[in-house]
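Hi there,

Here is the structure I promised to send over. Have a look at it first, and then read on for my notes.

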Amino acid sequence: PNEKQRKRKGPKTPGKDKGDGFEINLDDPRFEALYSSHNFAIDPTDPRFKKTHGMEKILEVRQKKRNAKKEESDASAPPSSDPSLARMVASFKKKSSEHAPTKKRKTTKPST
């Protein structure tokens with residue numbers, strides 16, 4: 001490339017981060033839907049996805065909140081220990097296996 005083309009492209013600075021210096025406030029309540037709603041899910045596999053420092057932080061916070069919510073729901077859900085429910089399920093399985101139709105085999109006639 002000649003000098004005009006180099007001037008148009010600008011100087012190359014290897015090793016410099018492409019970040020624009022934008023810092024996102026992750027604690028801002030206006031961004032809460034970004035973490036909780038599936039309508040605002042960020043797909044890193046999308047070809048239009050730009051991996052920036054701010055986007056990485058958003059993805060990290062979203063993952064942390066989802067893990068915390070999952071652990072909270074697992075801890076708060078009591079295990080099902082209702083014996084009547086277990087008996088009812090066992091009874092249903094037994095009855096359904098007794099009444100299940102047997103498969104008939106197709107018999108083929110020998111060709112002559």
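Let me begin with the charged pairs: the structure, which is a predicted model, holds 5 salt bridges. Three of them are described here.

One is formed by the side chains of K65 and E32, with an N to O distance of 3.6 Å. This pair ties together distant parts of the chain, since K65 sits in helix α3 and E32 in helix α2, 33 residues apart. K65 is partly exposed, at 36% relative accessibility, and E32 is also partly exposed, at 37%.

Another salt bridge joins the side chains of D28 and R30, at 2.5 Å from N to O. How accessible is each partner, buried or exposed? D28 has a relative accessibility of 12% and therefore counts as buried, the cut-off being under 20%. R30, on the other hand, is exposed, with a relative accessible area of 68%.

The side chains of K51 and E56 also meet in a salt bridge, with 4.0 Å between N and O. Here K51 is exposed, at a relative accessible area of 64%, while E56 is partly exposed, at 32%.

Now for the overall fold. The protein has 4 helices and 0 strands, which gives the pattern α-α-α-α along the sequence. Of its 112 residues, 9% are buried. The exposed area comes to about 11,400 Å², and carbon and sulfur atoms supply 55% of that. As for contacts with a separation of 6 or more, 47% of them are between residues 24 or more positions apart.

Which residues make up the largest nonpolar core? There are 6 of them: I24, L26, L34, Y35, I58 and V61. Helices α2 (32–36) and α3 (53–76) are the elements that each give two or more residues to this core. L34 is a good place to start looking: leaving aside neighbours within four places in sequence, L34 is in contact with F40, I42, I58 and R62. I58 therefore appears both as a member of the core and among the contacts of L34, where the cut-off for a contact is heavy atoms within 4.5 Å.

Finally, the surface. L85, M88 and V89 form a nonpolar patch there, with about 260 Å² of accessible area together. L85 belongs to helix α4, which covers residues 83–98, and is partly exposed, with a relative accessible area of 36%.

Happy to go through any of this with you.

Best wishes

Notes. Residues are numbered from 1 along each chain as its sequence is written. This is a predicted model: local features need pLDDT of at least 70, side-chain atom pairs count only at pLDDT 80 or more; totals for chains, interfaces and linings use all residues. Side-chain values use heavy atoms; hydrogens and water are left out. A nonpolar core is a set of buried Ala, Val, Leu, Ile, Met, Phe, Trp, Tyr and Cys residues joined through side-chain atoms within 4.5 Å. Buried means under 20% relative accessible area, exposed over 50%, partly exposed in between (1.4 Å probe, protein chains only). Patches are made of residues with over 30% relative accessible area and no salt bridge: like charges are joined within 9 Å, nonpolar side chains (Val, Leu, Ile, Met, Phe, Trp, Tyr) within 5 Å. Accessible areas come from the Shrake-Rupley method with a 1.4 Å probe; for residues, only the protein chains shown count as cover.
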